[in-house]
Amino acid sequence: MSTPARRRRFTLWRSLATAATAALTATFLSPAVASSAPAPKVSEPVYSYENAIRESVWVDIGLDGDNDGRPDRVAVDIVRPREPAGQGRKIPVIMDASPYYSCCGRGNDGQRKTYDANGNVVQMPLFYDNYFVPRGYAFVGVDLAGTNRSDGCVDVGGRSDIQSAKAVVDWLNGRAEGYTTRTGTARAEATWTNGRTGMIGKSYDGTIANGVAATGVEGLETIVPISAISSWYGYYFAKGAPLYDSGPDWLSNAVESPDARARCGAVQQKLVDGAPRTGDWTPLWTERDYVKDAKKVKASVFVVHGRQDLNVRPGHFGQWWDALAKNDVQRKIWISQTGHVDPFDFRRAAWVDTLHRWFDHELLGYDNGIDDEPMADIERHPDTWVTSSAWPPPSTEAVILRPDKGAQAGVGTLGPIRGSGTETFTDDPRQSETDWAARIDQPTPDKAGFVTKPLTKALRLSGSSQVTVTATPTTPTAHLSAVLVDLGPDTIRDYADAAEGITTLTERTCWGPSTTGDSSCFRETRAKSADVDYTVFSRGWADLGNHASDQKGAPLTPGKPYTITLDLHAGDHVVPKGHRLALIVAGTDRGLIDPPSSTPTLTLDLSRTSARVPLLGGADAFADATKGATATDHAPADTTVLDGVRDPHTAHRIPGAA
């Protein structure tokens, strides 16, 4: 999992950490005991949570986003064990920088920060402080600029958002100014920390972690982005196709504090002007694209994402992961079957244990072996996980599959041989991917489907796919969708349910000590599953007007063919023996993209249409899995309507808010 350079750095850090721990241990033990004490493998809860220091600091971020004539300060709430400072020991930091601490809540319980009469934090949302503070970590919750108790304005992933957290990392390392109050001049210094910081968070919070890591800031040792955005353009558009009926200005307005909302009109207008609903790429999106700066990342990265996340879509982790891999960043990944769900709510005990060992390794330097464990954990069925030593596996190769005509219009075949002829469909914004897949074996006017014969061996698709389409529209505007479908019976997490694959129970489990105002006990969950006849496991969209450029669209000439490549979401899926693999090409995917201004009919040139899919074993694996298959093996009659999950939830406009 580690690169050679990264391993050298960790070897040095672990040596220093082991030496420091041995010296500290020797202070309290007799020489005979100290000399035989082994290096620690796990941090233990030896410090008092009840007596922990709770304090607030306001850090100068060096910007004046609200244009009030003074630098913006962000509120930094800190919970840290009292004892280490008395022992002469400096401690690392776990940080969650968020816009949601007062407006929207964090976690499945929707917790917000609460404060005592002196303004010190009482309840810090989530379990991180309860669990890690007794183990010798500080937990820091940062209010992004323009939210809760911070100055400034929310700029939705831009310079202000990222600087809100980066400045805190700098302050923890003695490079930025902190103050004891929001407007006063009394300085606050982080003399209690060694500056080693790990950032964590789900959705918007994890997005900020990605963005701060992409600055290359010193002292940020690791990030744990959960269901996080890697490029904000991809949250609102897919190659020109709008995914929402609003832009970042709506989100900024939703999360800002009332006083920030009143003074941040100029920033709001910049968000409106910089994010036109045409879907064209602008400098605003360049500023909010962290993928381009993956080469600057020095921190290790532990990614967690649901492959059915239709809020922050899996394309975000796919492009981020690939960019990190190209730049030899140490990384680890969990891929679940859920939608937009925190691992604390789909694999709780294993998650807390893994996160604990990850932070012990990355921030305390403990040689606990986590860097030698498999890189990837993948949920195959509800609560059933497998591992991969590397992800995607080294034997994964891109294979080109091609559609061809079948016996009925719109019901074709899928294989390695180039097809011929055309298929035609008319965009119907009332239909979704579930409608298309349910009638994959029937001619319908709204889609073109292409299916393999039932497989004689399983196929594993691991990574990101692409579908290249050559289509002739009848109108000046057209949107396209492409989905990959596993046709066959299965039990999966019900990602289309409101809770996106989990059921929340009344029972609670506790993860660390509690205080009167901050309980460590959270409601348990279990998997919410669905029995289905098919599973849509990857999807992608585009505006055909972006055929010549990913960054700028243009009106189409009716009757003229255009070629465009749709980027499908990353994932890891096994199509079992006896199932069929399908590619569907259609227009508007209801609830997931907005329709075009016209209602086009599109004609596909099958000889110039193909899917590029990442198959374990490559082309040979596909040949083996389709060798000897017959069209009648387990294939339903063409009148059968297949059963799947309900239509996916309509698109969220707030990433990750409770």
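Helices here are DSSP runs of H or I with at least four residues, numbered from the N terminus, and that is how α12 gets its name. Keep that in mind as you move through this predicted model.

**Stop 1: the largest pocket**

Start by selecting α12, residues 315–326. This helix gives the most to the lining of the largest pocket, with 7 residues. The pocket has a volume of about 1000 Å³. To find its middle, pick G315, Q319, S464, D567 and L568, which lie nearest the centre among the 42 lining residues.

Now add the other elements that supply at least two residues each: α7 (233–236), β11 (237–238), β17 (396–408), β21, β26 and β31 (610–616). If you colour the lining by residue class, you should see 18 nonpolar, 15 polar and 9 charged residues.

**Stop 2: the enclosed spaces**

Next, turn to the cavities. A search of the whole structure finds 5 of them at 30 Å³ or more. The largest has a volume of about 130 Å³. Select G107, N108, L126, F344 and D345 to go to its centre, since these are the closest to that point of the 13 residues in the lining. By class, the lining divides into 5 nonpolar, 4 polar and 4 charged residues.

Then move to the second largest cavity, with a volume of about 70 Å³. Its lining includes L461, F537, H569 and P614. Which elements give two or more residues to this lining? They are β21 (459–463), β26 (529–543) and β28 (571–575). The largest share, 3 residues, comes from β28. Here the classes divide into 5 nonpolar, 6 polar and 1 charged. While you are here, note that β21 and β26 also appeared at the first stop, as contributors to the lining of the largest pocket.

**Stop 3: one side of a helix**

Select α8, residues 248–255, and show the side chains of P248, L251, S252 and V255, which are buried. Why do they sit on the same side of α8? They cover an arc of only 100° around the axis. The spacing fits a general pattern: an α-helix has 3.6 residues a turn, so residues three or four places apart point the same way. To see what the buried residues of α8 pack against, add α6 (204–213), α7, α10 (265–274) and α11 (283–287). You have met α7 already, in the lining of the largest pocket.

**Stop 4: across the sheet**

Now show the strands. An open sheet of 12 strands, with mixed pairing, runs in the order β8-β7-β1-β2-β6-β3-β9-β10-β13-β14-β15-β16. At its edges are β8 (187–188) and β16 (384–388), each paired on one side only. Strands of a sheet pair through backbone hydrogen bonds, either parallel or antiparallel.

For a first pair, select β3 (residues 91–98) and β9 (residues 193–202), which run parallel and are joined by 4 bridges. Label I94 and its bridge partner in β9, G198.

For a second pair, select β13 (residues 300–306) with β14, which also run parallel, joined by 6 bridges. Here H305 has I335 of β14 as its bridge partner.

**Stop 5: a covered strand**

Finish on β14 itself, residues 331–336. Is this strand mostly covered or mostly open? It is mostly covered, with 6 of its 6 residues buried. In a regular strand the side chains alternate between the two faces of the sheet. Look along β14 and you will find R331, I333 and I335 pointing one way, and K332, W334 and S336 the other way, all of them buried.

Note on methods. Residues are numbered from 1 along each chain as its sequence is written. This is a predicted model: local features need pLDDT of at least 70, side-chain atom pairs count only at pLDDT 80 or more; totals for chains, interfaces and linings use all residues. Side-chain values use heavy atoms; hydrogens and water are left out. On a 1 Å grid over the protein atoms alone, a cavity is a set of points where a 1.4 Å probe fits but cannot get out, and a pocket is an open set with protein on both sides within 12 Å along at least five of seven lines; lining residues have an atom within 4 Å of a point. Grid points are joined across faces, edges and corners, and a volume is the space filled by probe spheres set on the points. Ala, Val, Leu, Ile, Met, Phe, Trp, Tyr, Cys and Pro count as nonpolar, Asp, Glu, Lys and Arg as charged, and the others, Gly among them, as polar. Buried means under 20% relative accessible area, exposed over 50%, partly exposed in between (1.4 Å probe, protein chains only). The arc is that of the directions from the helix axis to the C-beta atoms. Contact means heavy atoms within 4.5 Å. Two strands pair if DSSP finds at least two bridges between them.
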